[in-house]
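Good morning, colleagues. Please take a moment to look at the sequence and the structure before I begin.

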Amino acid sequence: MLTRAEIEKIKNTLNDLSEDVEIIVVPNENWKDFENFAKILSKLCDRISYRVEDRGGLIAKPAMILKKDEQENIIYNAIPLRDELEPFLRTIIKLSNGFEIEDVKGFEAEIVVFVMPVCPYCAKVVEIVNSFAVANPKIKSIVVDVSRFVDLMYKYDISSAPTTMINGEIKLIGYVSKDQLLEWLKRVSGDYKKDYFVTLLNERRLDEIKEIIAKNPKDIRILAELLAYEDFMIRFGAMVVLEQIHRENPDVIKLAKDVIRNHLKHEDFRIREDVAMLLGSIGDETDVKFLEELLKEDEEEVKASAIEAIKEIRDKYGK
C-alpha cells in the first residue's frame with residue numbers, strides 16, 4: 001500500500017505532534033485497506049491511534065474519520081496515497097497542534113471534495129477545505145475518491161476532478177483557491193443563489209439550475225430576476241431555462257410571473273423587448289393586458305415584440 005519512501009515521509013512528518021489524534025475506521029463489506037492504512041499510521045506515530053466503529057449518517061462507507069477530543073469533522077471516503085498523502089499528513093499536524101483561520105469562524109457548512117487518482121489539483125483543494133474544517137468544527141470536510149465510489153460519481157453527476165460541493169447544492173468544478181472558497185462560504189451564509197445561478201449560466205450548466213428549482217420551486221423567482229442582468233448572455237441563458245421549465249412544468253412559471261411582468265417596466269428598452277418576447281413563449285391570456293401597455297412605447301423594437309407576443313399568445317389559446 002505504501003512505498004518505503006512514503007513510510008519514511010510519514011515518520012519524518014509526524015514526529016512532532018502535540019496532542020493525540022484518533023482515526024475511526026468505519027467498515028463495510030470492503031474496508032480492510034482502510035484499516036490497514038490506519039494501522040500503519042498508528043505504528044509509525046505514537047500520537048496516532050485507530051479503532052473500528054460502525055457509524056451512520058455518512059455519505060458512504062468505508063470511511064476514516066479524524067478525531068481529536070470531541071472534534072471529528074474531517075472524513076475520508078478515500079485512502080490518501082501518492083499526491084494526497086502529504087496534504088493528509090499536514091491535516092493531521094494542524095489537527096494535533098492546533099490551527100486557526102480567523103476568516104472561517106462563524107460559518108457552518110458541509111463541503112465535499114470529489115477527487116480522482118492522478119489529479120493535479122485535487123490535493124490542493126482538499127488541503128484548503130481540511131484547513132477550514134480544522135479551524136472551525138462547524139465546517140465538515142468530506143473527501144470522496146470517485147474512482148472507488150462510482151455510485152456517488154453518478155449520484156452527484158461528477159464529470160471532472162476536483163469538484164467541490166457545498167451544502168449539497170453549490171458545485172464548483174476545478175481548482176478552487178482559499179479566497180474563492182471563503183467567498184462562497186460567505187455567500188452561503190447570506191443570499192447566495194443569485195450569484196450561484198450566474199455562475200451556472202456562465203458555465204452553461206443549465207440542467208443544474210433546473211435541478212435546484214425542481215427541489216425548491218420558489219427559486220424560479222431568483223432566475224426570473226436575472227432577466228434584468230447587465231450581461232446579455234446571462235439574460236439569454238435565463239430565458240432559455242425559463243422556456244425549458246415552461247415546457248416541462250408550466251405551473252412552476254406562475255410562481256415568478258410577477259417578477260417577469262415587472263421587467264416590462266424596466267428602464268432599459270432591450271430588457272423590455274426581451275421579456276415581451278419571452279412572454280410570447282411562456283405567457284397566457286393573463287399576460288396580454290401587461291403586454292398591451294407596451295403598445296404605447298416610443299421604442300419600435302419593444303412595440304414590435306409586444307405585438308408579436310400578443311399574437312403568439314392569442315394563437316396559442318384561440319383568442
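I shall begin with the overall form and then turn to the aromatic side chains.

Please keep in mind that this is a predicted model. The protein comprises 15 helices and eight strands. Its C-alpha trace extends about 80 × 40 × 30 Å along the principal axes. The radius of gyration is 26 Å, whereas a compact globule of 319 residues would have one near 20 Å. Of those 319 residues, 52% count as buried. The accessible surface amounts to about 15,700 Å², and carbon and sulfur atoms account for 47% of that area. As for contacts between residues at least 6 apart in sequence, 70% join residues at least 24 apart.

Let us now consider the rings. The structure contains six aromatic pairs. One of them is formed by Y121 and Y175, whose ring centres are 5.9 Å apart and whose planes meet at 45 degrees, a tilted arrangement. Which parts of the chain does this pair tie together? Y121 belongs to the loop between β5 (109-115) and α4 (122-135), and Y175 to the loop between β8 (170-173) and α6 (178-188), so the pair connects parts that are 54 residues apart in sequence. Are these two tyrosines buried or exposed? Y121 is partly exposed, with a relative accessible area of 42%, and Y175 is also partly exposed, at 39%.

Elsewhere, ring pairs join F37, Y76 and F88 into a cluster.

Finally, I turn to charges placed over rings. K94 sits over the face of F99, 4.7 Å from the ring centre. R187 lies over the face of W184, at 4.4 Å from the ring centre.

Notes
Residues are numbered from 1 along each chain as its sequence is written. Side-chain values use heavy atoms; hydrogens and water are left out. Rings of Phe, Tyr and Trp (its six-membered ring) pair if their centres lie within 6.5 Å; planes under 30 degrees apart count as stacked, over 60 as edge-to-face and the rest as tilted. Helices (H or I, at least four residues) and strands (E, at least two) are DSSP runs, numbered from the N terminus. Buried means under 20% relative accessible area, exposed over 50%, partly exposed in between (1.4 Å probe, protein chains only). A charge sits over a ring if NZ of Lys or CZ of Arg is within 6 Å of the ring centre and within 35 degrees of the ring normal. The radius of gyration is taken over C-alpha atoms; the globule rule is 2.2 Å times the number of residues to the power 0.38. Contact means heavy atoms within 4.5 Å. Accessible areas come from the Shrake-Rupley method with a 1.4 Å probe; for residues, only the protein chains shown count as cover.
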